[in-house]
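Visitor: Could you take me slowly through a single strand of this protein, with its pairing partners and its surroundings? I would like to see how that part sits within the whole chain.

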Amino acid sequence: MADVYDEKELDLSRYGYVPGDKFVAYVSSYTRAGKKKVGIRVYDVNVEEGTLSEKSEIAITNSSYVTISHNGRFLYSITDFGVEAFKIVQGGNLEKINRGSINGMRGSHLSTDYNDEYLFVCSYHDGKITVLRLGEDGSVGEITDELFLKGLGSIAERNFRPHVQCVKMTRDNKYLCVADLGMDHVNVYTFNDVTGKIKQCAVLHSELESAPRHLKFSNDGHYLYVVHELKNLIDVYFYQEIDGVPDFEKIQTVPTLNDYHATGSAASALNFSSDFKYLVSSNAGDNSVVIFKIDPDNGYLEKVLCLPISGEYPKDAALFPDDKHLVSLNHESDTMTFFKVDMERKTIIMSAKEIQVDKPNCIIFHKLLPEQL
């Protein structure tokens, strides 16, 4: 693999862990009819103990996913009405900025470009990608591009039409990668950071009926990880740009399950540790979490453990910033469960009382900036 990638690695000062660092966690969830519409909860994080303490609640409908801008100043959330923007203020609390329409059905995932000038939103239900301009104050502006994906999948059940599940930029900020769960592939688009327009330039084909769900790029931008919901596997790609063209080479495929596992399992989560040395995924049905160690030289994944999480349908799972604790968001049992992790012994042990949360969906740990302390 020729290495012509010349971008700098992501600044880890916002992501790595040093004892004494102050973290908060944002948990998004679906909201139910007739109940208080608390879609986002903010928690203080005790890293050493591996626990969360709720500090505030945000009234928002069906916050199926949240993301934080790369400068660490703003949080964006899906809502029934489109997207909402928040400023991260003192103590990690959220202050609403504004709301923006995506001109379509409710979104499933969102992320910003690496200059925090645009917000990308995708929709599972209508197979749409929407690009919105962002203001310097973090506000959501006008739509600069929108695209409804088309096509016919492999079977007349779930995979019969586009279901867009994840949108992520390459770390060089040149290409938008879009996981189409319904069509079993990842679309790659060129991105014009002046006009905010996208144009398809490549397709990464997954296994038939595998359902690519989430995407993550390694810290140095070389490696793309794609978790597949229906076949419970992760594909690893080596990424580089050659003569102005994106090149993705599949170098590894690993299962997210043990050889022995529950039938009807579906992979869901995909999260890096704060130092990018580990990758975490989860399996609904099997109700387990899997942790992989990442080889820094070639991006390969080596399974550390795959163990049960004491809940139903772990929609998301993440390591605490110290890599010694883990939280699982259990969508069907309405709980978050907590574990102490021993990477050497390849074990997790329940270490704190579970927390009740209606339909938890996503968690993000955020290291507070100096002005947010």
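Guide: What follows is a close look at strand β5, beginning with the chain around it and ending with the core it contributes to.

This is a predicted model, in which local features need pLDDT of at least 70 and side-chain atom pairs count only at pLDDT 80 or more, while totals for chains, interfaces and linings use all residues. Residues are numbered from 1 along each chain as its sequence is written, and side-chain values use heavy atoms, with hydrogens and water left out.

The protein chain contains zero helices and 28 strands; here helices (H or I, at least four residues) and strands (E, at least two) are DSSP runs, numbered from the N terminus. Its radius of gyration, taken over C-alpha atoms, is 19 Å, close to the 21 Å that the globule rule (2.2 Å times the number of residues to the power 0.38) gives for 373 residues, so the chain is as compact as a globular protein of that length. Along the principal axes, the C-alpha atoms fill a box of roughly 50 × 45 × 45 Å. Buried residues, meaning those under 20% relative accessible area with a 1.4 Å probe and protein chains only, make up 61% of the 373 residues.

Strand β5 covers residues 74–79, and because six of its six residues are buried, the strand is largely enclosed by the rest of the structure. In a regular strand the side chains alternate between the two faces of the sheet. In β5 both faces are covered, with Phe74, Tyr76 and Ile78 buried on one side and Leu75, Ser77 and Thr79 buried on the other.

Turning to its partners, two strands are said to pair if DSSP finds at least two bridges between them. Strands of a sheet pair through backbone hydrogen bonds, either parallel or antiparallel. β4 (66–68) pairs with β5 in the antiparallel sense over three bridges, and Ile68 stands opposite Leu75 in this pairing. These two strands form a hairpin with five residues between them, and Gly72 in the turn has a positive phi of about 75 degrees. β6 (82–88) also runs antiparallel to β5, to which six bridges join it, and here Phe74 of β5 stands opposite Lys87. β5 and β6 again form a hairpin, with two residues between them.

Leu75 deserves a closer look. Leaving aside its neighbours within four places in sequence, Leu75 is in contact (heavy atoms within 4.5 Å) with Tyr26, Ile40, Val66, Thr67, Ile68, Glu84, Ala85, Phe86, Ile88 and Leu94. Leu75 also belongs to the largest nonpolar core, where a nonpolar core is a set of buried Ala, Val, Leu, Ile, Met, Phe, Trp, Tyr and Cys residues joined through side-chain atoms within 4.5 Å. Of the 28 residues in that core, Leu75, Leu94 and Leu119 touch the most other members. The elements that give two or more residues to this core are β1 (23–29), β2 (38–46), β4, β5, β6, β9 (118–123), β10 and β28 (360–367).

Two of those contributors, β9 and β10, also take part in an open sheet of four strands, arranged in the order β8-β9-β10-β11 with antiparallel pairing. Its edge strands are β8 (109–112) and β11 (140–148), each of which pairs on one side only. Within that sheet, six bridges join β10 (residues 128–134) to β11.

Key
Buried means under 20% relative accessible area, exposed over 50%, partly exposed in between (1.4 Å probe, protein chains only).
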